[in-house]
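Open the model in your viewer and switch to cartoon view. This tour goes from stop to stop, with a selection to make at each one.

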Amino acid sequence: MRRLIVLIFALFFLQTAFAQSRHPFTFEDMMKLKRVGAPRISPDGKWVIFSVTDVSLEANTKTPHVWLVPVTGGQEREIIGDQDADQPRWAPDGKRFLFVSNKEGGSQIWIADFDGAEGKVAGVRRLTDLATEVDGPIWSPDGKNIVFTSSVYPECDGAPAEESACNAMRLKKEAASPVKAQIFTRLLYRHWNAYQEGKRSHLFVVSAEGCIGTTQGGCPYTSAKDLTPGDFDAPVFSLGGQDNYVISPDGQELCYTSNHDAVEATSTNNDLWVVPITGGVAKNITAENKASDSTPLYSPDGKYIAYRAQQRPGYESDRFRLVLYDRKTGEKKDLTEGFDRWVGTYTWWGSRSLFFTAEENGSARVYYTGLDYVMPSVQETSLKGYDDDFVITPDNKFLIYTQMSIITPSELYKSPMILLRTPHCGETSGDVCSSQDPNFKLTHLNDGILSQVAMSPLESFWFTGALGDKVQGFLVKPPNFDPSKKYPVKFLIHGGPQGAWGDDWSYRWNPELFAANGYVVIMINFHGSTGYGQKFTDAINGDWGGAPFEDLMKGLDYAEAQYPYIDKGRVCALGASYGGYMANWILGHTDRFKCIVSHDGMFNTESAWGTTEELWFNEWEFKGTPYTDRETYRKWSPHLSAEQFKTPTLVIHGQKDYRLDVSQGFDLFTTLQRRGVPSKMLYFPDEGHWVLKPQNSWLWYRTVNDWVDQWIGPKAQ
């Protein structure tokens with residue numbers, strides 16, 4: 001017994017010493033982490049290629065390269081490192097893969113020859129030479145063509161060579177002109193962080209062969225044909241996620257997403273269109289639905305097109321359903337009827353089943369559904385807490401995916417498909433129940449850095465919020481946490497507002513980095529958050545400062561009562577986007593916070609409507625326009641409570657933020673200064689809604705943390 005006690009104490013002291021040997025997570029640590037992209041499996045099922053982005057704080061750059069890892073596991077390695085290389089995709093024969101690089105002539109498609117036996121690149125060559133550059137290339141399943149997007153001038157429509165020359169001439173002329181003025185004749189003339197400048201996103205097809213072997217000695221680059229000519233964006237704008245275009249299994253048809261409504265700024269009516277890969281008249285296959293239809297994906301047998309659909313026009317946060325389109329009959333079927341969560345990324349498993357992701361209580365989970373169910377039915381799998389990128393191996397036996405958490409950025413994992421079908425294991429002939437590891441880690445790119453830093457896992461709590469509903473909150477403790485001490489609080493408010501905090505990684509608002517210098521971080525998924533059912537999400541519509549504000553205050557009340565290590569007198573509220581709006585609302589409705597950080601927040605709801613671009617958002621959330629329903633806009637406008645402003649506030653805004661114009665930040669800062677409220681403004685002339693450049697990000701974190709330290713940190717005591 002005595003030896004056992006001695007051993008226990010020895011282990012305790014070893015664990016304590018190990019924990020203390022790790023240093024608190026720093027911004028410099030975060031910039032050293034490699035950022036893993038989506039996995040792509042070779043047609044023979046042996047290799048996974050993926051992009052890895054390296055960040056240089058000194059050079060202020062983010063540079064992607066292509067990496068490789070065996071599907072069976074093994075050492076991952078960089079296979080294209082002598083030039084930037086992103087978005088790798090295998091050719092159907094597995095002997096080549098494409099990627100996008102800026103090495104020559106802007107963003108262009110490059111082809112890499114691949115030695116499958118050695119797992120090495122045998123050589124690379126450039127395929128395209130477009131002045132308007134390229135993005136998002138995909139192979140046709142027959143390997144003959146590559147489809148990609150490019151932003152072009154719609155009036156340059158014509159034969160491939162003439163259209164390319166016209167676009168090049170327009171770009172050159174505008175670059176040389178001393179006059180930079182623009183004339184607008186319709187809305188949505190700018191979007192998120194850029195002016196449209198008269199251009200449209202179009203889909204092009206190019207021969208995959210191009211110049212064989214070399215681009216030197218006069219060998220011309222392949223001409224690209226515009227498959228979606230006209231004054232429309234095809235595909236529509238996307239912030240990421242699954243592609244909005246796909247080629248049929250026989251390589252003969254392209255399905256894509258486009259919005260042809262007259263006033264795009266007020267419309268979410270994205271439709272699916274199909275067009276022959278050789279070009280021709282496009283057909284709208286979802287015209288009857290006036291809400292959004294997007295992210296099409298053909299079944300492997302070519303009989304169906306699956307896609308995500310919403311039902312309420314004008315509402316970008318309506319529930320995303322998984323719908324099936326029968327190409328022969330035109331019949332459509334909702335495969336997730338009765339499933340009260342948003343369908344995220346999805347993929348076919350054979351031609352009769354689909355796997356998809358969905359948010360659930362702060363984590364991402366994997367579900368599946370089948371075409372053979374008599375009634376629509378969704379089954380939950382054993383996979384939880386992972387990212388949105390996943391693919392199934394060609395033999396349909398394994399799922400390869402990216403997984404992350406609040407303490408680890410994305411890495412690649414694999415799981416046997418049989419484990420994902422646990423509820424049906426053994427019910428049909430051929431099913432074999434497996435004991436294989438459901439989360440086998442394929443890559444270890446960041447293990448070295450993470451082993452040296454101290455971070456705390458996410459802790460969940462529930463409380464009764466507005467409307468008597470159960471609301472979830474999260475807490476992150478500082479490193480080397482001591483429960484006998486009192487800690488100040490950073491109270492983070494998420495954006496969206498139809499978004500959510502959860503067990504995931506972030507480079508822009510990283511809870512671990514906020515906790516690292518001695519703070520408890522608290523986050524609340526208030527009414528309006530996703531992952532708790534559509535009714536909960538809808539509750540914020542027309543009630544921006546109502547139930548969400550009540551949830552936030554009750555959540556903080558609960559945490560302060562439940563956790564004795566929280567210092568109630570030292571709490572600072574921080575938010576961006578809708579979180580910035582709520583920070584501004586808090587300014588005029590409570591004095592319980594010692595400081596506030598408002599990043600890209602709406603300050604005046606009426607003027608924000610007139611300066612934003614996606615008008616459908618404001619007009620849905622505030623039930624109309626300021627001249628048709630002014631009462632709702634004014635009811636929830638923070639600027640009308642300016643006489644109550646007292647809390648020291650840091651204002652942050654980017655000049656290129658066109659979702660919430662920089663004038664909102666200037667208005668807030670001017671008001672605070674004229675009211676005599678201690679305030680500071682951090683202005684980025686080269687950032688949009690998000691702060692993305694490494695050195696700007698460094699300044700952002702330093703300014704925010706210094707502001708909080710000034711008012712509730714150790715020096716403020």
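In which sense do E26 and strand E27 pair, and over how many bridges? Select residues 363-370 for E27 and look at the pairing with E26: the sense is antiparallel, and there are eight bridges. Keep in mind that this is a predicted model.

**Stop 1: E26 and its two neighbours**

Now select residues 353-360, which make up strand E26. Seven of these eight residues are buried, so the strand is largely enclosed by the rest of the structure.

Stay on the E27 side. Pick Glu360 and find Ser363, its bridge partner in E27. The two strands form a hairpin with two residues between them. Click Asn361 in that turn: its phi is positive, about 50 degrees.

Go to the other neighbour. Select residues 346-349, strand E25. E25 pairs with E26 in the antiparallel sense, over four bridges. Highlight Thr347 and then Phe355, its bridge partner in E26. This is a hairpin too, with three residues between E25 and E26. In the turn, Gly350 has a positive phi of about 70 degrees.

With side chains switched on, recall that in a regular strand they alternate between the two faces of the sheet.

**Stop 2: E5 and its two neighbours**

Select residues 61-70. This is strand E5, and it is mostly covered: seven of its ten residues are buried.

Add residues 47-56, strand E4. Ten bridges link E4 and E5, and the pairing is antiparallel. Choose Ile49 and look across to Leu68, its bridge partner in E5. Four residues lie between the strands of this hairpin. One of the turn residues, Asn60, has a positive phi of about 60 degrees.

Next, add residues 77-80, strand E6. E6 runs antiparallel to E5, and three bridges join them. Show Val66 and Ile80: Val66 stands opposite Ile80 in E6. The E5–E6 hairpin has six residues between its strands. Its turn includes Gly73, with a positive phi of about 105 degrees.

**Stop 3: a charged patch**

Switch to a surface view. Which residues form a negative surface patch? Select Glu359, Asp388, Asp503 and Asp504.

Zoom in on Asp503. Where is it found? Asp503 is in the loop between strand E36 (487-493) and helix H6 (511-515). Why does Asp503 count as partly exposed? Its relative accessibility is 32%, and partly exposed covers the range between under 20% for buried and over 50% for exposed.

Technical notes: Residues are numbered from 1 along each chain as its sequence is written. This is a predicted model: local features need pLDDT of at least 70, side-chain atom pairs count only at pLDDT 80 or more; totals for chains, interfaces and linings use all residues. Side-chain values use heavy atoms; hydrogens and water are left out. Buried means under 20% relative accessible area, exposed over 50%, partly exposed in between (1.4 Å probe, protein chains only). Two strands pair if DSSP finds at least two bridges between them. Patches are made of residues with over 30% relative accessible area and no salt bridge: like charges are joined within 9 Å, nonpolar side chains (Val, Leu, Ile, Met, Phe, Trp, Tyr) within 5 Å. Accessible areas come from the Shrake-Rupley method with a 1.4 Å probe; for residues, only the protein chains shown count as cover. A salt bridge is a side-chain nitrogen of Lys or Arg within 4 Å of a carboxyl oxygen of Asp or Glu. Lys and Arg count as positive and Asp and Glu as negative; His and the chain ends are not counted. The place of a charge is taken as NZ of Lys, CZ of Arg, CG of Asp or CD of Glu.
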